[in-house]
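Work through the following exercises with the model at hand, and compare each step with the solution given beneath the task.

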Amino acid sequence: MKKVLVTSRSFGKTSPKPFAVLEGAGIEYTLMGGDFDEEKFKEVIPQYDGLIIGAHPFYPEDMARCEHLKIIAKHGAGLDNIYLEDAKKLGIRVTNVPAMNANAVADLAFAHILNISRGISITNERVHRGAWETFIGKDVFEKTLGLIGFGAIAKNVARRARGFSMKVLVYDPFVTEIPEEFQDFVTLTDLNTVTENSDIISIHVPLTDSTKHLFDKERIMKMKKEAYLINTGRGGIIQEQDLYECMKNGHLGGCAVDVMEHEPMEKDCPLLGLENFVVTAHIGMYSIEAISAVSVVCAENVAKVLNGEEPRFVIV
Ligand code: NAD
């Protein structure tokens, strides 16, 4: 019987269907997501034929010990925790599930935009502490939104921005043309133009060598003094120490992130001392609809590869 290890915390959490897919293909599975332990993972992974992986790294030296492993199915879109070239050399297929979480993440990005603009979580915390205080925020309506990256999630953010009559500036060097549906309110431009002219910037790029610390002190200081910075992409795209220093000195109206360079974030991270820094615990794709869809594709891809068939969304 083929064996699959699941290290994603959310796999199958919202529907029994992905388990039925694995069982239907005669696959035995072990769930390790809830109490994930890196040492234990390294010890047991060589026994498995397939891996449905969450966000933790899977290092080349550990991959090399996995004689039976045929597929790494990423439970999500981001591939920065998987060493693709090494997987390719070892003949291990890698798949991801792009776009299926694009509505969930776009909803969260937009929720962060509305929250930080109107001080919802700040006021909520104050009221819980017994302080019924006013908070003067800003309208989102007709503001300029800068999007870093214009892939599946950013496009869905733009669709939401249209409902708020926002002007949208986009920086994405891999996009040559804005699709027709966006042409009346989205402008493709360079990074400095987006940085300097946006009231709100929302980051939707993968973490790569070219995006690591893209928002460092120099870039943050180019943003409007009262602008908001939103990151639901990946931790590490914002240089967090630089962000803290800029915000401590009154630069930026606020920053809201769903991702941190180290997760879980350090409890003594100085950003937590800033009221206008808002953080969610990497919950971007955690909607019932997105988790169900992504889990089913992962289960189907694992079943296909272990049965000698071609999976969907092949990376290597
Ligand atoms: P996507 O591949 O559809 O879009 C990414 C876009 O970024 C592409 O259009 C690409 O051209 C662009 N890009 C790449 N490098 C760039 C660079 N250096 N500068 C500017 N643009 C660049 O991916 P997506 O589904 O829209 O997801 C975007 C990112 O969001 C993922 O890579 C992932 O890291 C992150 N994500 C986060 C969560 C979460 O839970 N918070 C969930 C899913 C995805």
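**Exercise 1. Locate P264 and H213, and describe the backbone at each.**

Solution. P264 sits in the loop that runs between β11 (254-257) and β12 (277-279), where strands are DSSP runs of E with at least two residues and helices are runs of H or I with at least four, both numbered from the N terminus. The peptide bond leading from E263 into P264 is cis, its omega being near -5 degrees. H213 belongs to the loop between β9 (200-203) and α9 (217-222), and although H213 is not a glycine, its phi is positive, at about 55 degrees.

The model is predicted, so that local features need pLDDT of at least 70 and side-chain atom pairs count only at pLDDT 80 or more, while totals for chains, interfaces and linings use all residues. Residues are numbered from 1 along each chain as its sequence is written, and side-chain values use heavy atoms, with hydrogens and water left out.

**Exercise 2. Judge the overall dimensions of the chain.**

Solution. Begin with the secondary structure, which comprises 11 helices and 12 strands. The C-alpha trace spans about 60 × 50 × 35 Å along its principal axes. For 316 residues, a compact globule would have a radius of gyration near 20 Å, and the 21 Å of the chain agrees with this; the radius is taken over C-alpha atoms, and the rule is 2.2 Å times the number of residues to the power 0.38.

**Exercise 3. Describe the surroundings of the ligand.**

Solution. First, identify the shell: 23 residues surround the ligand, the closest being A152, I153, D172, T232 and D258, with a heavy atom within 4 Å as the criterion. Next, sort this shell, which gives 10 nonpolar, 10 polar and 3 charged residues; Ala, Val, Leu, Ile, Met, Phe, Trp, Tyr, Cys and Pro count as nonpolar, Asp, Glu, Lys and Arg as charged, and the others, Gly among them, as polar.

Then turn to the polar contacts (pairs of N or O atoms within 3.5 Å). A polar backbone atom of A152 is 2.9 Å from an oxygen atom of the ligand. A nitrogen atom of the ligand lies 3.1 Å from a side-chain N or O atom of S210, and a polar side-chain atom of D258 is 2.9 Å from a nitrogen atom of the ligand. Finally, the protein covers 85% of the 860 Å² of accessible area that the ligand has on its own, as computed by the Shrake-Rupley method with a 1.4 Å probe.

Notes. A polar contact is a pair of N or O atoms within 3.5 Å; within protein, one must be able to donate a hydrogen and the other to accept it, and residues adjacent in sequence count only if both atoms are side-chain atoms.
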